[in-house]
Amino acid sequence: MVFERAVDYRTYLHDLQYHAAQLSVALHAWCLMPNHVHLLLTPAADPDSLSTLMQHLAGGATRRWNARKQTTGSIWEARFKSRVIDEERYLLECCRYIELNPVRAQIVAAAENYPWSSYRERMGMAPATMLDLHMLYLAMGNDDAARRDAYGIYVHAGIASGPI
């Protein structure tokens, strides 16, 4: 387990927000699972900023883990994996997949019940502090309420669908 306590999740999210802002990386969706992380990111200019961001995040999490457990070595099994999203429609599918991860893993019954994903922020259930709302999400409605309704329907329709 990478995240054992609420402070582990909060500290990782703080680091994510800080480094994403420093590196001009947009954060469109995120979910911190007990043993892995899902992020949907867009670099503003330099694609290498994603690797730099992941190095900062992994390094910080590893240092904290090792200090707490009085051990050494990486807490991650492998280097991070990334994919370029070519199709615009695929971006919303990725958001949905990421935010439904704890539901599919049977940690919670509904996405709104999981505090360590972007779903609650996107849906107005938590303070909007981290997400960069993509234009495709913004096009789902004329105002926040309409977008949230449309996205909520879209996410709930994806519960029965399999992995992307």
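Here are some short exercises on this structure, each with a worked solution.

Keep in mind that this is a predicted model, where local features need pLDDT of at least 70 and side-chain atom pairs count only at pLDDT 80 or more, while totals for chains, interfaces and linings use all residues. Residues are numbered from 1 along each chain as its sequence is written, and side-chain values use heavy atoms, with hydrogens and water left out.

**Exercise 1. Work out how the rings of Phe3 and Tyr9 are arranged.**

Step 1: Start with the rule. Rings of Phe, Tyr and Trp (its six-membered ring) pair if their centres lie within 6.5 Å; planes under 30 degrees apart count as stacked, over 60 as edge-to-face and the rest as tilted. Searching the whole structure turns up six aromatic pairs.

Step 2: Apply it. The ring centres of Phe3 and Tyr9 are 4.8 Å apart and the planes sit at 20°, so this pair is stacked.

Step 3: Try another partner. Between Phe3 and Tyr12 the centres are 5.4 Å apart and the planes are at 85°, so that pair is edge-to-face.

Step 4: Zoom out. Phe3, Tyr9, Tyr12 and Trp116 make up one aromatic cluster.

Step 5: Check the surroundings. Buried means under 20% relative accessible area, exposed over 50%, and partly exposed in between (1.4 Å probe, protein chains only). Phe3 comes out buried at 4%, and Tyr9 is buried at 8%.

**Exercise 2. Find which side of helix α1 holds its buried residues.**

Step 1: Locate the helix. Helices (H or I, at least four residues) and strands (E, at least two) are DSSP runs, numbered from the N terminus. Helix α1 covers residues 6-22, so to speak 17 residues.

Step 2: List the buried residues. In α1 these are Asp8, Tyr9, Tyr12, Leu13, Asp15, Leu16, His19 and Ala20.

Step 3: Look at the arc, taken from the directions from the helix axis to the C-beta atoms. The buried residues cover an arc of only 160° around the axis, which puts them on the same side of α1.

Step 4: Turn to the face pointing away from that buried side, and you meet the exposed residues Ala21 and Gln22.

**Exercise 3. Do the same for helix α6.**

Step 1: Get its length. Helix α6 (residues 144-158) has 15 residues and reaches 21 Å from its first C-alpha to its last, close to the 21 Å expected at 1.5 Å a residue. The expected span is 1.5 Å times one less than the number of residues.

Step 2: Pick out the buried residues of α6: Arg147, Tyr151, Gly152, Val155 and Gly158. Seen down the axis, they fall within an arc of 130°, so they line one face of the helix.

Step 3: Flip to the other side of α6, where Asp149, Ile153 and Ala157 are exposed.

**Exercise 4. Describe what surrounds Asn101.**

Step 1: Place the residue. Asn101 lies in helix α3 (residues 88-104) and is buried, with a relative accessible area of 9%.

Step 2: List its contacts (heavy atoms within 4.5 Å). Leaving aside neighbours within four places in sequence, Asn101 touches Cys31, Met33, His36 and His38.

Step 3: Look at one partner. The side chains of Asn101 and His38 are joined by a polar contact of 3.3 Å. That term means a pair of N or O atoms within 3.5 Å; within protein, one must be able to donate a hydrogen and the other to accept it, and residues adjacent in sequence count only if both atoms are side-chain atoms.
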